[in-house]
Every structure is written in structure tokens, then in C-alpha cells.
Amino acid sequence: MRKLLVLMTAVLLSFIPISAKRFSVSTDLLGYAALGTMNLDVSYALSRRWSLTAGVRYNPFSFSSDNEQFQLRQQSYAIGARLWPWHIWSGWWFASKLRYQEYNIGGIFSPETEEGDRLGAGLYAGYTYMVSSHFNLEFGLGFWAGADKYRRYSCPECGITVDEGDRGFILPDDVMVSLVYVF
């Protein structure tokens, strides 16, 4: 009886269409050049031309040199969709994302430091080059806009508030050269 149940289950499962290469995992190599920002994107193919994407960026690092501190700290979460005009995982693509970012940036171009929370949406475009059946290289560029609740300090260590408030923003985002694994 048990063998018959296993056989019937296997036969039924064989009729369910299972296609390969439904998932991908990628990391933006240029993101690591932004003071060590670690990042990971996971994508799922909905159809031949659409995929869903979720991503995270994380940078906990602060650096010091000659009594100066600088950082590009952040944690950022995004979810979005991509349209692939030709075929999924290859060629040109267009995307949109919703993104939340908690950040602390300062000491890079001036002694001022700014921290805050951003919430917004973005538009992106790029090209994916198939290196092999499982590896791709991705090139892309995007912009995002939204609301920013911020606080600016006169220096990274002193804690003297110079300005704070809410404002809108439009910023470049996802200037990327990514390594993608498709499985």
C-alpha cells in the first residue's frame, strides 16, 4: 500500500510543470567599493518576462584617520519587479522598487554627519549578459525618490544638531555591476 501511494504521488507530481532557473541570487560588486556595503538580491521568475526582486544592503562600518571619522553606514531593504522585454535572465530589463533605508553618512566630503530614514520608490534599467548557463553579469542604473526624515550634526562625534526635519529627495541608486547566479 505504501509503495502504491509513493508511486501515485510521483505520477501526479510528474504532471506539474517544473521549470528550471526560477531563482537568482546576485550581489553588486560596486556596492563593496562604497566603504564595504554588503548587499544581496534574490529574484523569482514569475513568467518569461516578469520577475520579483527583494534586496538588502548593510554597512555597519565607521573609519577613522588623522582624528577624522567618516562613514557610509546603512541598512536598506527593497522589493520590486522587473520586466524583461526579450527573455528572463538575459538582455535588457526595466524595473521599479519600493525601498526603505536607515542611514548615517558623514565625514567624507565635510565634517558634517547626517542620519535618518528614507522611504521611496525608484525606476531602474539595465542589461544582463549571460556568461554561462548559471552565471550572469548585470549592469544597471536607477534613481529613487521619496521622503526623508533626517538630522544633521556638525561633526561625526560631537552630537551638536545643526538641522533636522522632513524633506523630499531624488537620488541616484543602483549604479551596479552585479554577479548573478541563476538556479
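**Exercise 1. Where does Leu35 lie, between which helix and which strand?**

A quick note before solving: this is a predicted model.

Step 1: Start with the secondary structure. Leu35 belongs to the loop that runs between helix H2 (29–33) and strand S2 (38–45).

Step 2: Check the backbone. The phi angle of Leu35 is near 55°, which is positive even though the residue is not glycine.

Step 3: Classify the exposure. Leu35 has a relative accessible area of 24%, so it goes down as partly exposed.

**Exercise 2. Work out the surroundings of Thr27, and decide whether it is buried or exposed.**

Step 1: Place it. Thr27 sits in strand S1, which covers residues 23–28.

Step 2: Apply the cut-off. Buried means under 20% relative accessible area. Thr27 comes in at 17%, so it counts as buried.

Step 3: List the neighbours. Skipping residues within four places in sequence, Thr27 is in contact with Tyr32, Asn39, Val177, Ser178 and Leu179.

Step 4: Look for polar atoms. A polar atom of the Thr27 side chain lies 2.9 Å from the backbone oxygen of Asn39.

**Exercise 3. Describe what Tyr44 touches, and find its side-chain polar partner.**

Step 1: Tyr44 is part of strand S2. Its relative accessibility is 31%, so we call it partly exposed.

Step 2: Leaving out neighbours within four places in sequence, the contacts of Tyr44 are Arg22, Phe23, Trp50, Ser51, Leu52 and Trp89.

Step 3: Take Arg22 from that list: its side chain and that of Tyr44 are joined by a polar contact of 3.3 Å.

Step 4: For a backbone distance, try Ala54, which is 10 residues away along the chain; the two C-alpha atoms are 9.0 Å apart.

**Exercise 4. Follow Trp89 into the largest nonpolar core, and say which strand gives the most to that core.**

Step 1: Trp89 is in the loop between strand S5 (68–83) and strand S6 (91–106). Its phi is about 70°, again positive in a residue that isn't glycine.

Step 2: With a relative accessibility of 7%, Trp89 counts as buried.

Step 3: Now the core. The largest one has 12 residues: Ala45, Trp84, Ile88, Trp89, Trp93, Ala95, Tyr124, Trp144, Phe169, Met176, Val180 and Val182. Both S6 and strand S9 (161–182) supply at least two of its residues, and S9 gives the most, with 4.

Step 4: Put this in context. In soluble globular proteins, nonpolar side chains tend to be buried together.

**Exercise 5. Find out what Arg48 reaches from its loop.**

Step 1: Arg48 is located in the loop between S2 and strand S3 (50–59). A relative accessible area of 42% makes it partly exposed.

Step 2: Not counting residues up to four places away, Arg48 touches Trp86, His87 and Ile88.

Step 3: Zoom in on Trp86. Its backbone oxygen is 3.4 Å from a polar atom of the Arg48 side chain.

Step 4: Compare sequence with space: Leu83 is 35 residues away along the chain, with a C-alpha separation from Arg48 of 9.3 Å.

**Exercise 6. Trace how S8 pairs with S7 and with S9, and give one bridge for each pairing.**

Step 1: Strand S7 (residues 113–130) and strand S8 (residues 135–153) are antiparallel, with 18 bridges. They form a hairpin with 4 residues between the strands.

Step 2: For an example bridge, pick Asp117, whose partner in S8 is Lys149.

Step 3: Move on to S8 and S9, which also pair in the antiparallel sense over 18 bridges. Here Tyr150 has Gly165 of S9 as its bridge partner.

Definitions and conventions. Residues numbered from 1 in each chain as written. Predicted model: local features only at pLDDT ≥ 70, side-chain atom pairs only at ≥ 80, totals over all residues. Heavy atoms only, no water. Buried < 20%, exposed > 50% of the residue type's maximum accessible area, 1.4 Å probe, protein only. Polar contact = N/O pair within 3.5 Å; in protein donor to acceptor, adjacent residues only side chain to side chain. Contact = heavy atoms within 4.5 Å. Core = buried A, V, L, I, M, F, W, Y, C linked by side-chain atoms within 4.5 Å. Pairing = 2+ DSSP bridges.
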